[in-house]
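Biologist: Hi! Could you pull up the model so we can talk it through together?

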Amino acid sequence: MKKQDFQFALLHLSLIFGGLIFESLLYFFAMAALVGFLPRSARSWLYYLLLNSLAMAIALYLNPPQPGLNQSINGVLGIESLPYWLIVALFTVLVGSLVSYSLNLPLRATASKKREFQR
Amino acid sequence: MRKWFWPLLTAVLLAALFYPWPGLPPLGSFLLYPTSPLQIDYAIKGSSSLPGTHTDLEIHYDERGVPHLFAQSDTSLAFGMGFTHARDRLFQLEMLRRTVRGRLAEVAGAKALESDRWWLKFEFEKLAQSELERISQEEPQLAAMFKAYADGFNHYLEQLSPGEKPLEFHLLGFAPSPMKPYAPLMLIRYMDKVLDYSENDLKFSALRNYLPDSLIEYYYPWQSPYARFPIYPEISKDSNAVTKGILTDYVSRGDFPKAEVKRERNNELGSNNWAVAGSRSATGNAFLCNDTHLALALPGTWYEVHQVVKGKATHGFSIPGSPFIISGFSDKVAWGMTNATWDLTDFFALNTNAENQYELDGQWVDLDQREVIIPVKDAPADTFHYYQTYFGPATTMDGELLATRWVASESTGNEMLAFYQLRQASNLEEAYQALLNFSHPPQNFVLADANGQIGMVTSGLAPIAPVPQRGIIAAKQSQQRLDFYHLGRKLKVLRPEKGWNHSANQTQVSDSLGPYLNSIFAPTARGRIISQHLSENPSVSRNDLKALHASVEDGEWPLLKDFVVNTAPASFKKTLADWDGKCTEKSVAATLYNHFKWLYCDSLSHLLIGHFDFQPPAEHLFYLSATQDSLPTKEAYLKPGELAKAVWQSSKRQLAKTLGAEMEAWQYGRYHRIHFKHITGLEALSYTAFPAQGSPRTVNVSSGLPGTHGPAMRSLVELSDGPPKAETVLAGGQSGQPGHPHYTDQITNWYEVKYYPVKWVLDAEEGHWQYSIHFR
């Protein structure tokens with residue numbers, strides 16, 4: 001991995017983490033979009049999934065789910081096997097990754113055209 | 001095409017997440033971490049420093065989550081109360097405000113429309129606004145406290161992110177709304193609805209479709225001979241001198257409410273309070289005990305709090321929505337209450353013509369029609385019409401235009417001033433004077449002071465007629481609308497000679513005033529037990545009082561024992577004859593007795609009035625059955641003993657079906673359970689039902705099958721020259737947030753009638769706190 005790639009990965013992780021902890025969906029989507037757009041080069045689906053998972057894990061570590069609350073919500077939802085916090089984590093990671101990846105696609109298209117042009 | 005797959009998938013997923021699916025919480029905010037309930041912070045350990053205008057205020061929470069507020073002014077204290085009520089009871093306060101404003105359907109849907117229409121016609125929001133204007137002129141300090149309370153509430157709201165709002169808001173998909181300064185004056189009407197609104201007059205008029213007047217008089221007496229066990233025997237006249245009232249001439253065209261079986265099993269509200277003077281206590285100090293019987297809901301009605309303003313402390317139970325302690329104590333005086341149980345509602349049938357007018361003093365007066373649009377969740381808005389009339393708001397019920405006049409719907413008193421002054425009272429007399437400001441819902445206030453004195457005053461307004469009457473009134477004359485009288489100066493005994501007093505929602509007096517109070521009072525069973533224990537003990541100790549709080553001795557057993565044992569089947573006789581009348585979890589006799597009583601009462605009522613939902617007072621039915629050889633019905637006389645024998649057979653079959661064939665297995669704890677339900681009714685947020693002792697006729701009351709009503713709190717206070725020694729317990733917990741460590745943490749101790757010692761702290765530096773909030 002190039003140094004620049006590593007720096008961008010760190011930047012992306014920070015943006016995604018920021019989107020999670022600001023407690024606003026506007027920030028969350030804005031950050032996810034920014035991650036997709038920056039830098040102007042294509043990234044794989046797995047890349048976003050990994051970064052989102054990592055950010056989510058850090059957020060949950062710093063703000064651990066409250067056991068009583070989780071139990072109450074699981075009771076309301078009628079789900080015993082899957083804790084609520086895990087459902088939230090999965091959805092959040094999935095949505096964050098999809099938004100970033102989908103917005104990264106135009107860049108991917110641009111990048112492939114650029115490559116064709118260079119050839 | 002393939003390049004659009006991912007953006008399309010994302011768009012579809014986002015659309016699904018943010019589409020308002022009916023019956024589901026908003027999925028987007030519920031399932032995405034930044035706004036999900038995972039953001040809720042219970043904050044029970046540590047401290048926080050918040051920006052705020054009241055920098056002289058500190059709030060410290062102890063290990064039970066009881067806030068201790070230290071302030072240098074009343075307004076800072078009120079700000080802190082608004083803040084801490086919002087912090088722990090935000091959803092409860094939202095629902096209370098929506099209920100009284102008639103805006104419940106907006107978040108709960110069409111099923112709440114009936115409630116909204118009922119509340120809207122009284123225009124309580126408008127009334128509270130005008131009351132606040134009046135109080136601003138008469139008691140500016142009090143008005144400033146209301147404003148500060150709302151500011152404190154709103155301050156908490158402002159620093160709350162969408163994810164941090166309590167779970168119920170996430171589930172129902174709406175946000176908490178800011179509070180207006182007049183809200184405390186509006187919210188007290190909710191307690192009026194719970195405690196003094198009665199539709200008995202409607203039912204009495206409909207009752208005439210079922211029973212002749214003579215039988216109504218017999219089964220629904222103005223004062224049952226057995227009920228002559230008053231709170232104030234000292235000021236009651238000869239118990240035989242009961243003046244009868246009249247039943248109004250009006251006969252309903254139909255049943256009200258519609259005749260359906262709605263009798264809840266053993267479900268009765270009530271409360272206990274009593275005091276023991278220093279002259280009669282083991283320590284020489286005055287004691288005061290209180291337990292108010294309300295719904296065992298989550299969250300509960302009460303919220304415990306310790307308030308210190310400039311070093312002067314008060315401790316007790318507040319009601320979310322009010323900056324004041326409602327039942328509590330300072331180092332000088334203590335006070336507690338039970339409901340006076342008066343009927344403060346009159347219904348008037350209006351004579352109308354085709355031109356939208358009603359008759360008043362021989363003239364036709366225009367009906368003042370009002371229209372309100374009620375927003376309804378997931379449905380079109382509802383347009384509600386009602387009329388304002390001289391006799392109160394009017395709506396059509398069962399084809400009749402009925403106006404409702406209710407004490408609570410008129411601006412008349414200043415309840416909050418009473419609690420404000422109680423905090424500052426330094427002796428019994430000052431506490432009594434403070435309570436004369438209290439108008440509704442009328443309460444029996446027990447008092448004690450640090451000089452070892454005690455007292456009792458029933459404070460409140462009542463409509464007094466020239467002749468006591470019940471039933472719907474055919475409205476014609478303006479004088480039919482009664483004036484309200486404050487009875488606090490009449491119904492009081494300060495420093496009783498016997499050295500103790502008590503109230504348990506029974507009648508205040510056994511004389512001609514009784515019928516004017518126009519009510520079906522609570523049974524005397526609890527009062528009899530309290531009275532017996534206190535009168536027999538010349539040196540009452542703290543443990544004696546705790547034992548009385550915990551008493552599960554059925555106060556009706558002495559009246560009914562012979563009747564019950566004599567009519568019971570042979571297989572039950574010995575169990576019942578040996579029974580000590582205590583409704584403990586293990587007792588089989590308690591199951592037999594309580595099930596029989598409920599079924600007997602229901603059967604007799606059914607014989608008298610069919611399915612009509614207005615059962616005669618159970619205590620009176622039992623009194624008649626235990627003392628009379630035969631009872632009249634419309635067709636013939638019936639022998640109570642024979643009915644009882646038939647009921648025992650049904651009872652036996654029902655118990656065998658529900659609890660098993662073996663009688664040994666019919667333990668009371670299997671028959672009778674307590675269920676703390678969340679205010680939304682959601683089972684997952686409720687406390688699982690558990691086996692329980694007590695009955696509606698025991699001091700440690702448990703009402704309903706399953707028990708859904710009981711002592712919402714208990715307090716025991718001893719006042720002396722030094723700091724007060726008090727113990728309290730709450731039914732439920734301090735927090736209204738499901739899953740919070742203080743949501744249900746007191747239920748075990750509450751059930752076992754154990755208490756928590758009150759921390760009497762005058763300086764914040766002296767306490768050991770779990771969580772602290774400072775305002776900078």
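Modeller: Happy to; we can go through the interface, the salt bridges and the fold of chain B.

Modeller: One thing up front: this is a predicted model.

Biologist: Good to know. How many residues does each chain put into the contact?

Modeller: Chain A brings 34 residues and chain B brings 33 residues.

Biologist: And how much area is buried between chain A and chain B?

Modeller: About 2900 Å², with carbon and sulfur atoms giving 75% of that. On the chain A side, Glu23(A), Leu25(A) and Leu69(A) supply 22% of the area buried against chain B, more than any other three residues.

Biologist: How many salt bridges are there between chain A and chain B?

Modeller: The count there is zero. Polar contacts do turn up, though: the rule finds eight residue pairs across the interface, both partners at pLDDT 80 or more.

Biologist: Which elements of chain A give two or more residues to that side?

Modeller: They are α1 (3-21), α2 (25-37), α3 (45-62), α4 (67-77) and α5 (84-118) of chain A. Of these, α5(A) gives the most, with 13 residues.

Biologist: What does the side of chain A that touches chain B look like by class?

Modeller: By class, there are 23 nonpolar, ten polar and one charged residues on that side of chain A.

Biologist: Let's switch to salt bridges in general. What is the count over all chains?

Modeller: It comes to 29 over all chains. In chain A, one of them joins the side chains of Asp5(A) and Arg43(A), at 3.9 Å from N to O.

Biologist: Where do Asp5(A) and Arg43(A) sit?

Modeller: Asp5(A) is in helix α1 of chain A and Arg43(A) is in the loop between α2 and α3 of chain A, so the pair ties together parts that are 38 residues apart in sequence.

Biologist: Is Arg43(A) buried or exposed?

Modeller: Arg43(A) is buried, because its relative accessible area of 11% is under the 20% cut-off. Asp5(A), at 30%, counts as partly exposed.

Biologist: Nice. Now chain B: what does Arg542(B) form a salt bridge with?

Modeller: Its partner is Glu718(B), and the closest N and O atoms are 2.9 Å apart. The pair links distant parts of the chain: Arg542(B) lies in helix α16 (residues 542-549) of chain B and Glu718(B) in strand β32 (residues 713-719) of chain B, 176 residues apart.

Biologist: Are those two buried or exposed?

Modeller: Both Arg542(B) and Glu718(B) are buried.

Biologist: And which residue does Arg134(B) pair with?

Modeller: That would be Glu138(B), with the closest N and O atoms 3.2 Å apart. Both lie in helix α6 (residues 124-138) of chain B, four residues apart, about one turn of the helix. As for accessibility, Arg134(B) counts as partly exposed at 25%, and Glu138(B) counts as partly exposed at 49%.

Biologist: Which residues of chain B are linked in a network of salt bridges?

Modeller: Glu94(B), Arg97(B), Arg98(B) and Glu106(B) are linked that way.

Biologist: Last topic, the fold. How many helices and strands does chain B have?

Modeller: Chain B has 23 helices and 35 strands. Its C-alpha trace spans about 85 × 70 × 60 Å along the principal axes.

Biologist: What is its radius of gyration, and what would a compact globule have?

Modeller: Chain B has 27 Å, which agrees with the value near 28 Å for a compact globule of 776 residues. Also, 63% of the 776 residues of chain B count as buried.

Biologist: How much of the contacts in chain B comes from residues 24 or more positions apart?

Modeller: Such pairs account for 73% of the contacts in chain B with a separation of 6 or more.

Key. Residues numbered from 1 in each chain as written. Chains lettered and ligands numbered in written order. Heavy atoms only, no water. Contact = heavy atoms within 4.5 Å. Buried area = accessible area lost by both parts, 1.4 Å probe. Salt bridge = Lys/Arg side-chain N within 4 Å of Asp/Glu carboxyl O. Polar contact = N/O pair within 3.5 Å; in protein donor to acceptor, adjacent residues only side chain to side chain. Nonpolar A, V, L, I, M, F, W, Y, C, P; charged D, E, K, R; others polar. Buried < 20%, exposed > 50% of the residue type's maximum accessible area, 1.4 Å probe, protein only. Rg over C-alpha atoms; globule rule 2.2 N^0.38 Å.
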